[in-house]
Amino acid sequence: MALKKLLGINFEVVDDPYTALKRFGAVLVIGDDALRMVDAGYQHVADVGELWRERVGLPLVYAVMVVTRNYREQDLDRVINGIEDSLTAFEKDPGSVIQYTANRLGVSRELIRQYFSAIRYRVDDRVISGINEELRLFNINNCLRYLTIN
């Protein structure tokens, strides 16, 4: 959605990015396959998050946590605390996660280190502004309310 909005490009969903690259000459690849292709030396033309930041001036948020309307506060707190504990442990010593991820994907540790260092993990006012701008630009009106930090 971000590239379609920013560049007016429509995409065809494909099963195999390597075959699609031969067919189309360029592909948008996300996730593990993108990291594998970069590590294998395929030319990286644009990063969606970087392009978004340049054009919109805010971070592109790739994931959010949502809850049902009738969630239990203690359940949400338990999830948030678990995420915070995991993030704190990662920030203190990212080496084991970097090694595990590099091994799992079959890519270099340096690529994973760079990838993890480019990700914003903490939610702040700027991230919330980015989410709200995405909702506005993508015309997503079915959210109960725009997000704020408590």
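**Exercise 1. Work out how much of the chain is buried, and what its surface is made of.**

Start with the count: 25% of the chain's 150 residues are buried. Keep in mind that this is a predicted model. Next, take the surface: the chain exposes about 11300 Å² of accessible area, and carbon and sulfur atoms supply 52% of that. For the overall dimensions, the C-alpha trace spans about 50 × 40 × 25 Å along its principal axes.

**Exercise 2. Describe the fold, then see where the predictor is most and least sure.**

First, tally the elements: you should get eight helices and zero strands. That makes the pattern along the sequence α-α-α-α-α-α-α-α. Then check the contacts with a separation of 6 or more: 51% of them link residues 24 or more positions apart. Now colour by pLDDT. The chain averages 85, with 94% of residues at 70 or more. Helix α6 (residues 95–105) comes out highest at 96, while helix α1 (residues 2–7) sits lowest, at a mean of 77.

**Exercise 3. Inspect both ends of helix α2.**

Begin at the N-terminal end of α2 (residues 17–24), where Asp16 acts as the cap: one of its side-chain oxygens is 3.0 Å from the backbone nitrogen of Tyr18. Then step just past the helix, to Gly25, whose phi is positive, at about 90 degrees.

**Exercise 4. Explain how Leu28 can belong to a surface patch.**

Locate Leu28 in the loop between α2 and α3 (32–39). Its patch partners are Leu7, Ile9, Phe11 and Ile30, and the nonpolar group has about 470 Å² of accessible area together. Leu28 qualifies on area because its relative accessible area is 44%, and patch members need over 30%.

Note on methods:
Residues are numbered from 1 along each chain as its sequence is written. This is a predicted model: local features need pLDDT of at least 70, side-chain atom pairs count only at pLDDT 80 or more; totals for chains, interfaces and linings use all residues. Side-chain values use heavy atoms; hydrogens and water are left out. A polar contact is a pair of N or O atoms within 3.5 Å; within protein, one must be able to donate a hydrogen and the other to accept it, and residues adjacent in sequence count only if both atoms are side-chain atoms. Helices (H or I, at least four residues) and strands (E, at least two) are DSSP runs, numbered from the N terminus. pLDDT is the predictor's confidence in each residue, from 0 to 100. Patches are made of residues with over 30% relative accessible area and no salt bridge: like charges are joined within 9 Å, nonpolar side chains (Val, Leu, Ile, Met, Phe, Trp, Tyr) within 5 Å. Accessible areas come from the Shrake-Rupley method with a 1.4 Å probe; for residues, only the protein chains shown count as cover. A salt bridge is a side-chain nitrogen of Lys or Arg within 4 Å of a carboxyl oxygen of Asp or Glu. Buried means under 20% relative accessible area, exposed over 50%, partly exposed in between (1.4 Å probe, protein chains only). Contact means heavy atoms within 4.5 Å.
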